[in-house]
Amino acid sequence: MKVLAVLSFLLFAVMANAAYVTERQYQREFSRFVKTYSKKYATDDFFNRYELFKANLDLIELHNSQAGITSTMGVNQFTDMSSAEFASKMNGYKPAAKKSRKAAKQSNSMVDAPATLDWRTKGAVTPVKDQAQCGSCWSFSATGSIEGAWFLAKGNLTSLSEQQLMDCSHPEGDDSCEGGLMDDAFQFVIDNKGICSEASYPYKAVDEKCKKTCKSVATISSFVDVDFDQSNPNNDTALMAALQYGPVSIAIEADQPIFQMYTGGVITGPTCGTNLDHGVLLVGYGTDSKLGDYWIVKNSWGQAWGIESGYVRLARGQNECGMNSAASYPVV
């Protein structure tokens, strides 16, 4: 009964909020959205997208009007999509692997960590990339942590090929645009004795046959799965310890509106869930005097999404979006 009461209240709030928006205002906002993001629709799809946009605009206004919020939502390139469609096209983390992996385990131990850390400022992170409408997030998360590990070991930051991982790591368990796992991508790089550069094997956002014509520019010797405190999922100690070695690949739930249309602040509370479906890259942490402690996470939805040209901040100490459940990093 409590759930029904909450849902009824939210529905009433959305309807009440929508009453203050005229159809003319909706049309004006949709026209601006179409122009800004160069949207093109088939005739029979136009009004469907318009209705989805209106519904999402109501959700944005409702969220941003609540007292005490720590994050904001806004119109972006995904505001004409339903949550289900968005998840099917933009996520792609699959926890089940086809083959057993040989990962080392990092224990949940204390670490003497600095108050803040940002691997971007140390030169270990490439610019935010765009996976487009392909479930290849896992490959971007994997290349991101390998790029960081290779830079910290060799002093050379090189953008690495997600498309090679998509095309060639099927034997390890990955499935290109249909999803995959960062650990399986790491295992491919070990098996293949390296990974090619982005420039020599560029991203296409489609399933292709494996090409073996490029030369590897980076490699790893092993990878580590972070072993979290199962009795206390909110315990960040192990993740904090892992991040001291370099950027860390993590899995989160990202199929909720708060993530789909996130524009700033720190995501906190039960707004994004813990059902893992998206691979991203943890690159640092910090503290906001008003919003509290947060993690800095690099996404792969382009630089027009989120905060700081493609990033999101998640609250620390809360297992936000399930981020404490699955994390790993490569070792050069």
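**View 1. Ser328 and its bridge partners in β12.** Ser249 has Ser328 as its bridge partner in β12, in what is a predicted model. Asp225 also stands opposite Ser328. Ser249 sits in strand β7 (residues 248–252), which runs antiparallel to β12 and is joined to it by 2 bridges. On the β6 side, the pairing with β12 is antiparallel too, with 4 bridges. Strand β12 itself covers residues 327–331 and is mostly tucked away, with 4 of its 5 residues buried.

**View 2. Phe186 meets Phe223.** By the ring-pairing rule, the model has 20 aromatic pairs. One of them is Phe186 with Phe223, a tilted pair with 5.6 Å centre to centre and 45° between the planes. This pair ties together distant parts of the chain: Phe186 belongs to helix α7 (residues 182–192) and Phe223 to strand β6 (residues 222–226), 37 residues apart. Are these two rings buried or exposed? Phe186 counts as buried because its relative accessible area is 0%, and Phe223 is buried as well, at 1%.

**View 3. An aromatic cluster.** Zoom in here for a group of Phe and Tyr rings: Phe30, Phe33, Tyr37, Tyr41, Phe46, Phe47, Tyr50 and Phe53 make up one aromatic cluster.

**View 4. Charges over rings.** Which ring does the charged end of Lys54 sit over? That would be Tyr26, with the charged end 5.1 Å from the ring centre. Arg313 does a similar job with Tyr294: its charged end sits over that ring, 4.6 Å from the centre.

**View 5. Phe259 in the nonpolar core.** The largest nonpolar core holds 51 residues, and Ile250 and Phe259 have the most contacts inside it. Skip the neighbours within four places in sequence, and Phe259 still touches Ile252, Glu253, Ala254, Ile267, Asn299, Trp301, Trp305, Val312, Leu314 and Cys321. There is also a second core, separate from that one, with 29 residues; Ala142, Met166, Cys168 and Met182 are among them.

**View 6. Confidence, and the start of the chain.** Average pLDDT for the chain is 91, and 90% of the residues score at least 70. What happens to pLDDT over residues 1–20? There, pLDDT stays under 50, and the model has 11 contacts beyond four places in sequence for this stretch. Where pLDDT is low, predicted coordinates shouldn't be read in detail.

Key:
Residues are numbered from 1 along each chain as its sequence is written. This is a predicted model: local features need pLDDT of at least 70, side-chain atom pairs count only at pLDDT 80 or more; totals for chains, interfaces and linings use all residues. Side-chain values use heavy atoms; hydrogens and water are left out. Rings of Phe, Tyr and Trp (its six-membered ring) pair if their centres lie within 6.5 Å; planes under 30 degrees apart count as stacked, over 60 as edge-to-face and the rest as tilted. Buried means under 20% relative accessible area, exposed over 50%, partly exposed in between (1.4 Å probe, protein chains only). A charge sits over a ring if NZ of Lys or CZ of Arg is within 6 Å of the ring centre and within 35 degrees of the ring normal. A nonpolar core is a set of buried Ala, Val, Leu, Ile, Met, Phe, Trp, Tyr and Cys residues joined through side-chain atoms within 4.5 Å. Contact means heavy atoms within 4.5 Å. pLDDT is the predictor's confidence in each residue, from 0 to 100. Two strands pair if DSSP finds at least two bridges between them.
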